[in-house]
Amino acid sequence: MTCNCYRIRKVWKNIGKRNLFFLPLSCQSVRWNYSTTVALPQTKFPQKIVQESISDHEKNIQISCGFENLYAQQWNKNRDQPSFVMHDGPPYANGDVHVGHALNKILKDITNRYKLLTNHKVDFKPGWDCHGLPIEIKAIKTNDYKEMTPSKIRKTASQFSKTAIASQMNAFRRWGIMADWSNPSNCYFTFNKQYEASELSAFYKLYQKRLVYRDLKPVFWSPSSKTALAEAELEYKDNHVSRSVYVGFKVCNPHEILPDFIDTTNVYALSWTTQPWTIPSNQALCFSSNSQYCLVKSSSSSQNDTAPMYLIAHQCLENVTKHTGCSFDIIKTFEGKLLNGVTCVHPMDIERTTKMIPASHVTTDTGTGIVHTSPAHGVDDFMVAQNHSLYSKSDVDDNGCFTADAGYDLHGKFVFTGGNDAVIDKLKENLTLFHEHKYTHSYPYDWRTKKPIFVKTSRQWFIDTSSLWKKSQQALNEVKFHPSIGKATMKQQLKQRPYWCISRQRVWGLPIPVFYQKESGEVLLTDQTFGHLISMVKKHGSDVWWDMSMEQLLPQSVIEKSGAKGITEDYKRGNDILDIWFDSGVSWAAVLGEHKLDGEKQVADFYLEGKDQFGGWFYSSLLTSVGLQGCAPYKNIMVHGFTVSASGQKMSKSLGNVVDPMMIIDGGKDKNKDPSFGADTLRWWVASANVHQEVQISKSIITKSSDSVLKIRNCIRYLLSNLNHFDPHAVDFAKPPLCAVDQHQRHRLHNYTSEITRAYESYSYSRVALLTLTYITQLSSYFSCVKDRLYCEEQRGDLRKSCQSVLFLILEVLLKSVAPILPHLAEEAMVHHPCRDDETPLFLSGWFRDDVSKASYHAGVISAVDTAHKFRDILNTFLQGKQPTLYDVTIVAPKDDVMNQLRLLQDTETSSSSDLCEIIMTSHCTLASSVTSLSTEEVCRLPVKIDDSDCYIVAQQSSRHKCPRCRRKTAPRSGQLCDRCTNVLTCNWET
């Protein structure tokens with residue numbers, strides 16, 4: 001092998017597909033092509049999917065990789081494994097999906113897929129909220145509603161719901177959400193007969209426990225929807241404008257609050273309100289006993305003995321002056337408690353009087369410190385009325401118009417318009433209107449009709465939350481919140497609601513199963529009446545309440561068995577339906593019990609919804625569960641924010657900033673304008689966002705997500721392409737790799753797996769995304785280091801195998817790290833995996849293998865490689881993109897501790913094949929303990945600080961020639977192979 005001519009040799013054994021017959025040794029006049037002798041990357045895994053094809057590409061992956069079958073497969077395979085129950089908060093079946101759906105469902109799917117990878121049996125049953133006003137409004141036009149029978153309304157709303165469910169379900173499947181979509185029984189719908197029967201049973205059990213009752217209480221009333229609303233069904237408009245008024249209530253008996261010399265016939269208690277229409281129903285004036293009040297007169301009338309005087313809280317004077325433009329002179333200041341017992345004349349009727357009453361809800365932040373109190377139209381007002389036996393019935397009908405009982409010629413006037421006008425006119429007529437001005441403030445609106453609501457007393461059905469408050473607080477102590485601040489928010493919700501109105505005055509919903517005695521209004525609900533009705537609901541559904549006759553709903557035999565008096569004709573069915581929050585709030589009872597043993601608590605591992613559900617589904621589920629089974633229905637609650645535009649604005653069609661998730665993944669008709677990004681890009685957007693805050697979305701944000709997914713794809717492709725001819729069964733992964741840089745990478749991989757697992761376990765998916773992208777970026781330097789060894793070393797040699805063993809583990813870890821987020825990409829990669837030897841689905845193959853963490857490492861190798869990286873980074877910064885293989889370097893390490901580290905990577909003074917040389921990526925590397933004299937070939941001499949040691953790296957142009965096979969400057973002569981390549985090509989030749 002030392003002669004300087006070409007000699008024909010016997011063909012290389014185990015030549016495989018190569019066609020190498022001649023070995024050039026020295027002749028420089030002939031150029032040989034060595035491309036067939038290097039192990040170049042090989043894979044059919046595409047580097048990039050053109051945007052026009054992404055949608056079809058992902059759909060094909062879903063079919064070929066069995067996305068539809070995965071849920072059933074894991075249910076059977078993991079039947080004996082620990083279960084993980086993700087209870088799905090049901091979205092409204094009222095239209096197509098939006099990005100809020102995507103955020104919510106994808107977060108749930110990431111969680112479920114991770115739990116599946118960690119060998120859990122995932123229990124996930126998608127649900128839909130099918131009743132209620134949100135669906136009625138979408139399904140039926142206002143004018144049509146008035147002409148339709150209840151049965152027709154229900155049929156129309158039901159069909160609309162089914163259409164919406166089909167549309168949303170198709171979207172969820174397209175996003176890769178794992179569920180048993182092919183089996184409708186593995187989804188739940190609140191209009192399903194079995195679900196309705198379960199919900200009615202929950203209602204009746206609460207009724208039996210006296211936790212459900214009927215009473216007259218103030219409720220949020222929507223005149224546009226003609227129904228009571230829950231607090232969760234309100235949205236607040238910050239720029240609502242009200243006609244606010246300052247009104248004088250003439251004092252009848254001022255007692256000791258006035259000096260003897262004051263004319264007591266012209267003193268008024270001044271009150272402020274933004275709802276003038278409520279003044280006709282005024283029953284009291286409330287004040288704060290702990291505040292200072294004063295008697296004042298307008299400064300402009302200070303010399304007029306007959307000018308009116310006013311009672312105002314001292315702290316409110318400045319604010320009143322600001323809004324009215326009137327300054328005041330203080331005549332007397334006194335303690336608020338002296339107002340107790342003062343009587344005033346009603347400002348609209350001199351025949352009526354109103355008392356002044358101390359109340360804890362009165363503040364002096366706004367207004368006058370004297371609060372006009374209308375028990376029929378305020379929650380605090382109603383509580384005062386209960387304590388003082390004041391009249392609380394509302395004189396406003398369901399349409400928001402005054403009834404005949406209101407008087408003052410108000411009958412038929414709508415409270416917000418003609419009603420306000422008439423009241424203010426009457427105040428002017430009576431000379432009791434002190435001032436009027438426009439006032440902009442936050443005000444509640446009906447979340448569906450987008451019109452203002454008001455509070456009015458109404459006879460409704462309620463859940464006694466006060467009886468459940470303490471137990472609910474205790475139950476929450478056992479629940480883990482993500483983020484943890486959610487627990488305090490939830491507890492605050494419990495404090496704010498003394499009762500929960502669960503009745504609604506519509507027809508598209510589940511009827512409250514009670515009958516009323518026509519004359520007395522007495523409620524009839526017994527075991528017998530309920531048992532009869534529930535049997536019909538199980539068989540026919542809740543339509544029976546509207547479609548069947550009273551004789552069918554309440555037969556005489558049932559009345560008699562109940563022990564009730566009278567006959568069927570003496571009773572009427574109720575017209576109320578259950579609140580949709582009660583519908584979904586008992587879903588734990590209807591859904592979670594399917595796989596529970598008798599007597600076992602029905603508790604889910606996870607609830608995951610938006611922050612608005614603190615007062616919605618989280619709240620209703622907690623109260624019903626505590627009421628029925630004494631505990632919370634969830635062990636964990638994860639809360640996410642709302643989706644907003646890139647500028648932080650709420651999504652709105654009028655603003656033109658609505659983003660359609662289906663447009664993101666499948667694109668529009670014009671792919672140049674609306675390109676297809678695919679479901680994985682949408683999923684990466686969800687995972688990479690800080691979901692506990694508002695989540696921004698725009699085309700540019702989605703494009704960045706697409707770039708991240710492409711970066712991951714290219715890394716996976718590199719790994720796949722370099723695993724050819726690698727047999728993982730021939731490697732003992734518990735042993736450390738042969739090469740130092742491989743050991744170092746195994747160490748990094750172990751750290752990455754630990755951090756990724758912690759991030760998934762804490763549901764910090766944005767950290768998973770960040771860790772993954774950071775790790776992939778770090779991998780690029782490792783890939784550069786080992787490229788020469790991968791391509792040019794013996795194909796099945798130990799050096800190449802050392803590197804491939806690490807690449808194999810990196811690929812496995814990386815695929816499982818991103819699989820919950822990017823299932824399409826991960827499954828596609830598994831199809832192209834050259835080492836896959838069975839058909840076990842990726843998601844059923846378990847989490848990271850123990851081999852990743854079990855390998856031991858040579859003492860000091862990890863820190864030695866870290867030290868070498870510092871020298872390499874300093875050199876690369878200087879070279880600014882030039883190939884380091886063109887240079888030879890000398891590393892100067894005066895101190896023994898640094899030199900000893902480097903000796904672990906290179907045990908000779910100079911080497912072209914040492915671990916150190918591979919890390920630095922130069923042609924040769926020399927170790928020295930002192931700086932040599934400056935050479936004419938020297939390119940740079942760069943200081944490197946290693947701890948407290950001053951080291952150097954000296955680079956000079958390599959004195960050797962470029963090897964025509966490996967391209968490193970390690971050949972003795974031009975055109976001749978380097979020693980390493982010669983050995984690789986001749987190692988299996990016969991001599």
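**Aromatic pairs and cavities**

Tyrosine 619 counts as buried, because its relative accessibility is 1%, and I start from this residue in what is, I should say at once, a predicted model. Its partner is tryptophan 500, whose relative accessibility is also given as 1%, so tryptophan 500 counts as buried.

Let me place that pair among the others. Across the whole structure a search finds 45 aromatic pairs. One of them joins phenylalanine 416 and phenylalanine 454, with ring centres 6.1 Å apart and planes at 75°, so this pair is edge-to-face. Phenylalanine 416 belongs to helix 10 (residues 415–429) and phenylalanine 454 to strand 17 (residues 454–463), so that the contact links distant parts of the chain, 38 residues apart. Phenylalanine 454, at 2% relative accessibility, counts as buried.

Returning to tryptophan 500 and tyrosine 619, their ring centres lie 6.1 Å apart with the planes at 70°, and the pair is therefore edge-to-face as well. Because tryptophan 500 is in strand 19 (residues 500–501) and tyrosine 619 in helix 19 (residues 617–629), the pair ties together parts 119 residues apart in sequence. Both residues belong to one aromatic cluster, which also includes Phe203, Tyr204, Tyr207, Trp461, Phe530 and Phe582.

Rings also meet charges here: the charged end of arginine 113 sits over the ring of phenylalanine 843, 4.7 Å from its centre, while arginine 849 lies over the face of phenylalanine 733, at 4.6 Å from the ring centre.

Finally, the cavities. The structure holds 3 of 30 Å³ or more, and the largest has a volume of about 70 Å³. Its lining comprises 5 nonpolar, 2 polar and 4 charged residues, and the largest share, 3 residues, comes from strand 6 (residues 227–229).

Conventions. Residues are numbered from 1 along each chain as its sequence is written. This is a predicted model: local features need pLDDT of at least 70, side-chain atom pairs count only at pLDDT 80 or more; totals for chains, interfaces and linings use all residues. Side-chain values use heavy atoms; hydrogens and water are left out. On a 1 Å grid over the protein atoms alone, a cavity is a set of points where a 1.4 Å probe fits but cannot get out, and a pocket is an open set with protein on both sides within 12 Å along at least five of seven lines; lining residues have an atom within 4 Å of a point. Grid points are joined across faces, edges and corners, and a volume is the space filled by probe spheres set on the points. Helices (H or I, at least four residues) and strands (E, at least two) are DSSP runs, numbered from the N terminus. Ala, Val, Leu, Ile, Met, Phe, Trp, Tyr, Cys and Pro count as nonpolar, Asp, Glu, Lys and Arg as charged, and the others, Gly among them, as polar. Rings of Phe, Tyr and Trp (its six-membered ring) pair if their centres lie within 6.5 Å; planes under 30 degrees apart count as stacked, over 60 as edge-to-face and the rest as tilted. Buried means under 20% relative accessible area, exposed over 50%, partly exposed in between (1.4 Å probe, protein chains only). A charge sits over a ring if NZ of Lys or CZ of Arg is within 6 Å of the ring centre and within 35 degrees of the ring normal.
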